[in-house]
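Visitor: I should like to be guided through this protein model, beginning with its strands and ending with its interior.

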Amino acid sequence: MPDACITAPPADRAWTGTLLLGEHLAVLQGQAGGSDRHAHYAHQLLLSDGAPWQVEIDGERRTGQRLWLPSFQPHAVLAAPSEGCTVYLEPGHADVEAILRRLPQLPARLPALQPLLPELCRAQPLDRRLQAAIAEIVARLPDSVCAADIAEAAHLSPSQLHRRFQSDLAITLRGWVLWRRLHHALARFLAGDSLTASAHAAGFADLPHLSRNLRRMFGIGATQLHGLQLQAYR
């Protein structure tokens with residue numbers, strides 16, 4: 001069996017497999033490479049029907065076939081099954097109660113998991129002004145985003161805008177914009193663009209700017225993603 005043992009991936013090893021990428025979620029089916037300690041906006045599920053995952057959280061090692069990592073939980077992947085499943089869900093589009101209830105029985109293979117994703121990623125209701133702010137940001141990206149202009153479009157003061165993002169989406173305005181830029185850069189790169197072109201298309205100053213933020217958010221370098229095959233989630 002390919003998952004009879006766990007492997008400790010080198011920190012710079014490529015990630016391989018299929019990446020199902022949607023607007024507010026991503027699912028990797030395949031071999032996760034190693035990662036430095038990092039934290040990201042998305043909730044994360046680590047699933048395996050074979051060998052367990054091993055992750056480091058706050059200096060402690062956790063091992064299991066079904067692991068839940070909430071938004072912005074610092075962690076590092078220490079060992080990964082050869083055919084695992086990693087799920088990323090934005091907090092604003094995650095039904096945490098349903099996720100935790102279903103977690104022990106969730107399948108670790110993408111064909112069986114994909115029909116269950118709508119149940120796990122129900123959108124949370126948002127204030128209409130915050131919805132207007134998000135729509136304005138999306139319309140402006142990949143260009144620069146000015147908080148004052150977004151606040152005006154949403155009929156909020158800048159301070160109210162910042163509070164809304166932190167209270168309703170559990171992230172700063174700047175952090176949310178960065179998250180969307182990373183999503184766009186990843187989609188362009190896996191669709192066939194070069195890393196440099198993907199960085200510019202997403203609004204990063206250059207490739208090092210993209211690489212620094214990718215390392216901080218996911219603990220990996222951009223070149224580790226060459227082995228992934230992109231599949232769009234509708």
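The questions and answers below concern a predicted model.

Visitor: In what order do the strands of the open sheet of 6 strands stand?
Guide: Strands of a sheet pair through backbone hydrogen bonds, either parallel or antiparallel. In this open sheet the pairing is mixed. The order of the strands is β6-β3-β8-β2-β1-β9.

Visitor: Which strands stand at the edges, each with a single partner strand?
Guide: A strand with a single partner has one side left without a neighbour in the sheet, so it stands at an edge. This applies to residues 66-69 and to residues 227-232. These strands are β6 and β9.

Visitor: Which residue in β9 stands opposite Gly 17?
Guide: Strand β1 covers residues 16-21 and pairs with β9 in the parallel sense over 6 bridges. Opposite Gly 17 in β9 stands Leu 228.

Visitor: At about what angle to β1 does helix α7 run?
Guide: Helix α7, residues 173-190, lies across both β1 and β9. Its angle to β1 is about 125 degrees.

Visitor: Which helix gives the most to the largest nonpolar core?
Guide: In soluble globular proteins, nonpolar side chains tend to be buried together. The largest nonpolar core here has 51 residues, and Trp 176 and Leu 169 are among those with the most contacts inside it. With 9 residues, the element that gives the most to this core is α7.

Visitor: How many residues does the second, separate core have?
Guide: This core includes Leu 20, Ile 99, Ala 108 and Leu 113. Its number of residues is 20.

Methods:
Residues are numbered from 1 along each chain as its sequence is written. This is a predicted model: local features need pLDDT of at least 70, side-chain atom pairs count only at pLDDT 80 or more; totals for chains, interfaces and linings use all residues. Side-chain values use heavy atoms; hydrogens and water are left out. Two strands pair if DSSP finds at least two bridges between them. Helices (H or I, at least four residues) and strands (E, at least two) are DSSP runs, numbered from the N terminus. Contact means heavy atoms within 4.5 Å. Axes are lines fitted to C-alpha atoms, for helices over the stretch in contact, and angles run from 0 to 180 degrees between N-to-C directions. A nonpolar core is a set of buried Ala, Val, Leu, Ile, Met, Phe, Trp, Tyr and Cys residues joined through side-chain atoms within 4.5 Å. Buried means under 20% relative accessible area, exposed over 50%, partly exposed in between (1.4 Å probe, protein chains only).
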